[in-house]
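Visitor: I have a model open and want to learn how to read it. Where should we begin?

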Amino acid sequence: MAILLPGGAGYIGSHTAVELLNKEKEIIIVDDFSNSKPEMIDKIKQITGKDFKFYEVNCLNKKELEKVFEENSIEAVINFAGFKAVGESVKEPLKYYNNNVSGAITLLQTMQKYGVKKFVFSSSATVYGTRQEVEYTEKMKRGETANPYGTTKSMIEKILEDLYFADNQWDIAILRYFNPVGAHESGLIGEEPQGIPNNLMPYIVRVANGTLKELSVFGNDYDTPDGTGVRDYIHVVDLAKGHVKALEKLEKEGTGIYTYNLGTGKGYSVLDMVKTFEKVTGQKVPYKIAPRRAGDLAIYYADPNKAKEELNWQTEKTLEDMCRDSWNYICK
Ligand code: UFG
């Protein structure tokens, strides 16, 4: 029985593929390379020394997706197929609702048709919305999302809850990622945003290697220890391992729907990140203070205890590891 990974050639999908293969799981990757490259497939094979099936399919293509289910014996699906650029989602909301929400529905309908009812979903801390409490726990209700990207995550969570309510034979894990950074220690797979990056770490590494001139620090007048924004950065390999643990729970337990924060529980500021990066890599990261970025929150981080207690999962890597591995990837 195989684990199907739609979007498995992408940043988080490829790292999870490696961790599953390391655990001797059989996997199948489905990807349309809309935000990844075919060479990722070979690199996953190179890192693990293991082979697996791959299909170039978009999750909106029901016919092609059904063919994958027809030809294979699939036990569970971990869905990474989704667009994730916040700014782009504001400009092109229909593209995001169609790809993320309709894509997830098509996938779930196909699973239903073939009687596959174990599903792990890539959600985001963004579903908590704007709130006073900065340590997010799963007990909190979803909040008002700030952009269409966040709304797609929130909508899919709701769809999954409704699906489980209608048919409690489903077995669902919703994983709320905080800020994934870093890369596999081999330097073979990592994050490769197209164009100028929006996120902090991909921007920092491109300033450090001279591709970009300087970092703009978006605001230094927030109510945080050094005035810059604070986030819960999580190493992508720790995050990938969280998926393996969630899958193991679904394999072991009776049916249910479970939601987990995947974060470290620690908040670091933009300047903490810059200083740590400079210390670990020996590279200078020139920066200037710029105005606040619209839609940014001052500070938030995870309460990671539920995942620790129920999944026996916790992060192991440090901010130093995150900086070193991100730099190692771009150098390679
Ligand atoms: N930042 C800068 N300069 C930059 C980029 C970012 O100062 O060039 C700052 C931001 O203001 C923020 C911090 O660095 O304080 C982190 O910003 P990111 O863009 O890396 O990440 P966000 O927290 O804004 O968003 C991330 C993901 C979203 C997801 C959200 C979940 O990009 O997909 O976390 O909470 F929705």
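Visitor: Which residues does Leu-5 touch?

Guide: This is a predicted model. Leu-5 touches Gly-13, Ala-17, Leu-20, Ile-27, Ile-28, Ile-29, Val-30, Ile-78 and Phe-80. That list leaves out residues up to four places away in sequence.

Visitor: How do I read such a cluster?

Guide: In soluble globular proteins, nonpolar side chains tend to be buried together. Here, the largest nonpolar core has 40 residues. Leu-5 and Ile-27 touch the most other members.

Visitor: Which helix gives the most to this core?

Guide: Helix α8, residues 236-252, with seven residues. Apart from this core lies another, of 27 residues. Cys-59, Leu-108, Phe-121 and Tyr-164 are among them.

Visitor: Now the ligand. How many residues surround it?

Guide: Count those with a heavy atom within 4 Å. The ligand has 19 around it. The closest are Asn-199, Ser-216, Arg-231, Asp-296 and Tyr-300.

Visitor: Which strand gives the most to the shell?

Guide: Strand β9, residues 215-218, which supplies four residues. By class, the shell has nine nonpolar, seven polar and three charged residues.

Visitor: What about polar contacts?

Guide: Look for N or O pairs within 3.5 Å. A polar side-chain atom of Asp-296 lies 2.6 Å from a ligand oxygen atom. For Asn-199, a polar side-chain atom is 2.7 Å from an oxygen atom of the ligand. Arg-231 also places a polar side-chain atom 2.7 Å from a ligand oxygen atom.

Visitor: How much of the ligand's accessible area does the protein cover?

Guide: On its own, the ligand has 690 Å² of accessible area. The protein covers 90% of that.

Technical notes:
Residues are numbered from 1 along each chain as its sequence is written. This is a predicted model: local features need pLDDT of at least 70, side-chain atom pairs count only at pLDDT 80 or more; totals for chains, interfaces and linings use all residues. Side-chain values use heavy atoms; hydrogens and water are left out. A polar contact is a pair of N or O atoms within 3.5 Å; within protein, one must be able to donate a hydrogen and the other to accept it, and residues adjacent in sequence count only if both atoms are side-chain atoms. Accessible areas come from the Shrake-Rupley method with a 1.4 Å probe; for residues, only the protein chains shown count as cover. Helices (H or I, at least four residues) and strands (E, at least two) are DSSP runs, numbered from the N terminus. Ala, Val, Leu, Ile, Met, Phe, Trp, Tyr, Cys and Pro count as nonpolar, Asp, Glu, Lys and Arg as charged, and the others, Gly among them, as polar. A nonpolar core is a set of buried Ala, Val, Leu, Ile, Met, Phe, Trp, Tyr and Cys residues joined through side-chain atoms within 4.5 Å. Buried means under 20% relative accessible area, exposed over 50%, partly exposed in between (1.4 Å probe, protein chains only). Contact means heavy atoms within 4.5 Å.
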